[in-house]
Amino acid sequence: MDDDAYPEGRQHNRLYHDMLTVIENTANYLSSYKDADGYHIASHFQRIPNRRLIPEYHEVIKEPIAFSTIRTKKLKKQYTTFSEFVRDVALISHNAMVYNRPSSEFFQDAVRLREIFKEELQKLVNDGTIKPEEAVLPDLGEIPEAEDSPPPDPDDEEAEEDEDDEDDDEDDDSDDDGVRRRGRRGGRPSGSGRKSDMHDDPHKKRGRPPKVFTPLEARIHALLKGLRKFKHPNGELLIIPFERLPDKSSSPEYFAAVKNPIALDLIKRKAKRKKYQNVDQALKDLDLMFENAKQYNEEDSQLYKDAVELQQQAHLLAEQEKARPDNDFEDEDGRRPLPEIAHNGEVWKVGDWVHITNPNDLTKPIVAQIYRTWEDKSGQKWVNACWYYRPEQTVHRFEKHFLENEVVKTGQYRDHRIDEVVDRCFVMFVTRYNKGRPRGFPKDKEVYVCEARYNEEKHKLNKIKTWASCVPDEVREKDYEMDLFEVPRKLKKVPSPIKHLLRDDAKPTDALPKPTWGAPNAPPLIGAVHCREREPNESPPPEPTPSPPPALPIVDSVRRPSLMQTTRPIDGQGDIVMGNTSHFSTIPAPPTPTSGHAGAYASPNPFAPRPSPTPIPVPQYGNHAHHGFPVQGVQGAHHGTPGHNTSQMVQATHFQAHQPHQSQSYNGYPPQYNQTPVPVPHQPHHAPHQLSQPLPGYDPHRIAPSPVRTPMAAAPSPGAHAQVNAYNPPRPVEVYHLDDALNAKIPQEVRAQFQRDEAGRVLFFTQPPLDRPHRGLSAESASLGHSVRYLADRAREVEDRRAKRKARDELRQEEEKKRQEKEKQAAEMNQKQLIDIAGDMFKDWVDSMKKENEKLESAYDGWSCRDKDIDNAAQSLPPLA
């Protein structure tokens with residue numbers, strides 16, 4: 001526009017009102033443009049991608065812009081020249097072409113939008129509205145070269161809602177140019193190195209499960225794929241307008257005219273979910289799709305003609321596929337799909353949650369869901385399962401908290417022999433986990449909770465929005481019934497089980513650590529933690545849960561008890577505390593059994609134990625371990641409730657033998673091994689005031705404090721929540737062994753390297769064995785020694801010490817012997833003196849008795865004591881009057 005076109009006095013740093021109107025009209029035309037088929041080209045460019053959902057977009061694109069940005073700048077009158085508007089529109093297309101791959105729909109729409117904008121600018125130049133130089137698109141840089149889109153990553157949160165569409169589009173290649181149109185686009189983070197090297201690592205195998213088609217599925221698949229062979233003279237596929245339904249908001253008249261709308265993507269989805277029982281049912285839906293197109297479009301339109309052509313070809317393809325024998329559809333590898341597999345008295349089918357043998361750790365089976373079942377040429381039955389990692393198998397921030405018994409979905413789809421499946425389990429979405437338990441599911445089976453996907457390439461955890469996108473197509477529309485809890489359980493998050501693995505010198509700028517891998521067809525041996533900055537979509541760690549306040553005593557509301565009858569706290573010396581200092585109760589609250597999800601802090605399970613692949617604890621008494629063999633294993637009870645059995649998220653075994661004096665905490669952190677909801681503190685044996693019942697209210701001997709003690713604040717009595725200064729006894733050594741089935745899976749040459757019992761089972765110790773080969777020396781120091789002179793001097797010194805010790809011991813023995821002889825002589829002398837004294841006393845007593853007898857004889861002289869004499873004397877007496 002010429003400068004003289006502006007009114008006099010108006011500043012030239014602002015466009016005239018007419019020019020702003022041109023910008024508004026042009027922007028509205030581009031943002032709402034639709035092609036002949038009604039496709040909205042600029043629908044993807046209306047708003048800037050969300051930084052929280054797609055942070056990598058803002059890392060690649062330094063100047064994000066969208067049509068919403070242009071409208072805002074126009075309303076605020078921030079455009080000073082028309083060239084600024086031209087640059088903004090060109091930048092929209094440029095950003096989309098830089099971030100997306102050439103095969104993606106975003107890229108193609110950006111190219112088409114750029115061409116339409118050029119055409120519109122040329123019209124404005126021809127009308128004289130703008131100058132030719134204002135219509136020139138700026139040079140914003142080269143578009144980086146990139147290869148075609150790789151297989152979609154099922155772990156990306158943006159693709160979770162339509163994971164099934166990704167597999168459909170993998171086969172949507174044209175026969176000549178191989179151009180793909182994808183339902184979901186995958187962004188590219190940079191201009192180089194876009195091809196992931198993840199496929200080169202056997203531990204990071206990704207992708208979707210293998211396609212094992214039945215003859216019916218193969219016929220329908222060939223029918224749908226065959227429709228993509230027909231093209232226009234310009235090379236465009238005829239089937240493209242039929243792939244998806246029009247947008248309801250932009251084309252409401254279509255849905256008003258067509259009563260049963262259907263598109264190719266819906267037909268593919270029904271085929272994947274095995275909704276068709278024969279080819280004719282699929283052909284019926286194709287006919288409905290083409291009839292809808294012919295009903296809505298004019299007979300002379302190109303879309304009407306394409307529908308007629310494709311409908312005829314569909315019938316021809318269907319007849320060809322039905323005429324082919326079933327043997328023509330055999331898999332290249334000879335795999336024959338199976339609807340289900342019978343093994344070990346169980347029936348396994350797609351959608352089942354299973355435990356699979358983990359070669360890295362037999363005590364932690366792989367949590368997985370079956371996606372495919374088939375049989376190979378040799379008759380071996382196989383399953384393809386999607387792995388779910390435990391928290392300790394992932395890479396995450398050290399502050400990350402996980403739900404008890406949580407697992408995360410991965411992109412690992414691995415093949416396993418059916419004999420590797422060891423048990424059933426179940427995984428519930430986080431929104432249902434706290435409400436109940438699957439109906440009819442055995443109570444002794446593990447139930448896990450899942451709320452996130454794990455991206456192994458970027459080591460990120462993304463929240464799952466739609467659980468249906470995480471399960472196989474065959475079971476997406478099937479729901480399971482639940483036995484609901486009376487009250488929904490409160491979900492509890494616990495710190496990362498590998499938080500302690502954070503290096504002391506770790507920094508936020510360090511590179512992401514890598515997990516430690518073991519066997520090729522198994523999850524990582526152990527994950528890793530880091531202290532890098534938190535991701536925008538990552539929640540901060542939860543606040544620590546405060547301890548519950550002590551329970552208040554129940555007081556009669558009518559009559560208040562006297563202070564003499566109130567139970568008073570007891571101090572550390574066993575006296576009643578007379579101060580006002582608050583105290584903790586010395587009697588811990590008894591554990592209250594609760595039903596629901598059992599975890600690391602849950603009450604014991606009332607149900608009977610079941611055989612488990614976990615190590616079996618051998619009971620130990622005191623601090624003595626069984627050093628001899630055999631060691632008899634005792635199966636411990638499951639620590640669970642009638643709810644979910646919880647598998648503790650620790651690297652040690654799942655079970656703990658009972659400890660009589662288990663300490664409550666280590667270094668101030670709560671323990672990860674706990675047997676009861678309320679830990680019982682260690683009570684010293686010398687404390688006489690610790691009773692099994694609360695102290696009675698009245699004791700006349702303990703009313704007043706001792707006058708000898710100095711008044712001082714009484715220390716809190718040890719309780720369930722105060723164990724700072726309590727004695728922490730050492731943990732007794734525990735010995736474990738696996739059951740016979742798991743022990744047999746350990747190779748013989750591996751078992752020979754470890755200690756075993758008489759049955760040949762490998763023993764596991766909770767502490768290192770004390771009997772070391774070099775008696776306390778390391779292998780590096782065992783070969784070191786001293787000089788001959790030192791050893792000789794050392795030997796002489798030892799002999800001298802022994803001689804002195806012997807002489808000292810002999811002297812002590814001699815002195816002791818003399819002392820004992822003296823004590824013996826003194827004892828004998830004392831005994832003799834006592835005997836003499838006793839003899840003299842007895843002699844005096846005899847003499848005194850003789851003297852008394854003599855006196856009696858003299859006093860009763862002439863008296864007789866015989867009966868005859870007494871009778872004669874009585875007869876001689878005169879009779880009484």
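## A tour from two loops to a charged helix

Asn344 sits in the loop that links strand S2 (341–343) to strand S3 (346–348). Select Asn344 first. This is a predicted model, so treat each stop as a computed feature. Check the backbone: phi of Asn344 is positive, about 55°, although the residue is not a glycine. Is Asn344 buried or exposed? Asn344 counts as exposed because its relative accessibility is 65%, and exposed means over 50%.

Next, select Lys77. Find Lys77 in the loop between helix H3 (67–75) and helix H4 (82–99). Here too phi is positive in a residue other than glycine: the value for Lys77 is near 55°. The relative accessible area of Lys77 is 46%, so Lys77 is partly exposed.

Now go to helix H15. Show residues 788–859, the span of helix H15, and pick out Asp840 within it. Which residues form a negative surface patch with Asp840? Add Asp836, Asp844 and Asp847 to the selection, and the patch is complete. Asp840 itself is partly exposed, because its relative accessible area is 48%.

Finally, zoom out to the whole protein. Colour by secondary structure: there are 16 helices and 19 strands. Colour by burial: 40% of the 881 residues count as buried. Show the surface: about 53,200 Å² is exposed, and carbon and sulfur atoms supply 53% of that area. Then draw contacts between residues at least 6 apart in sequence; 71% of these join residues at least 24 apart.

Technical notes. Residues are numbered from 1 along each chain as its sequence is written. This is a predicted model: local features need pLDDT of at least 70, side-chain atom pairs count only at pLDDT 80 or more; totals for chains, interfaces and linings use all residues. Side-chain values use heavy atoms; hydrogens and water are left out. Helices (H or I, at least four residues) and strands (E, at least two) are DSSP runs, numbered from the N terminus. Buried means under 20% relative accessible area, exposed over 50%, partly exposed in between (1.4 Å probe, protein chains only). Contact means heavy atoms within 4.5 Å. Accessible areas come from the Shrake-Rupley method with a 1.4 Å probe; for residues, only the protein chains shown count as cover. Patches are made of residues with over 30% relative accessible area and no salt bridge: like charges are joined within 9 Å, nonpolar side chains (Val, Leu, Ile, Met, Phe, Trp, Tyr) within 5 Å. A salt bridge is a side-chain nitrogen of Lys or Arg within 4 Å of a carboxyl oxygen of Asp or Glu. Lys and Arg count as positive and Asp and Glu as negative; His and the chain ends are not counted. The place of a charge is taken as NZ of Lys, CZ of Arg, CG of Asp or CD of Glu.
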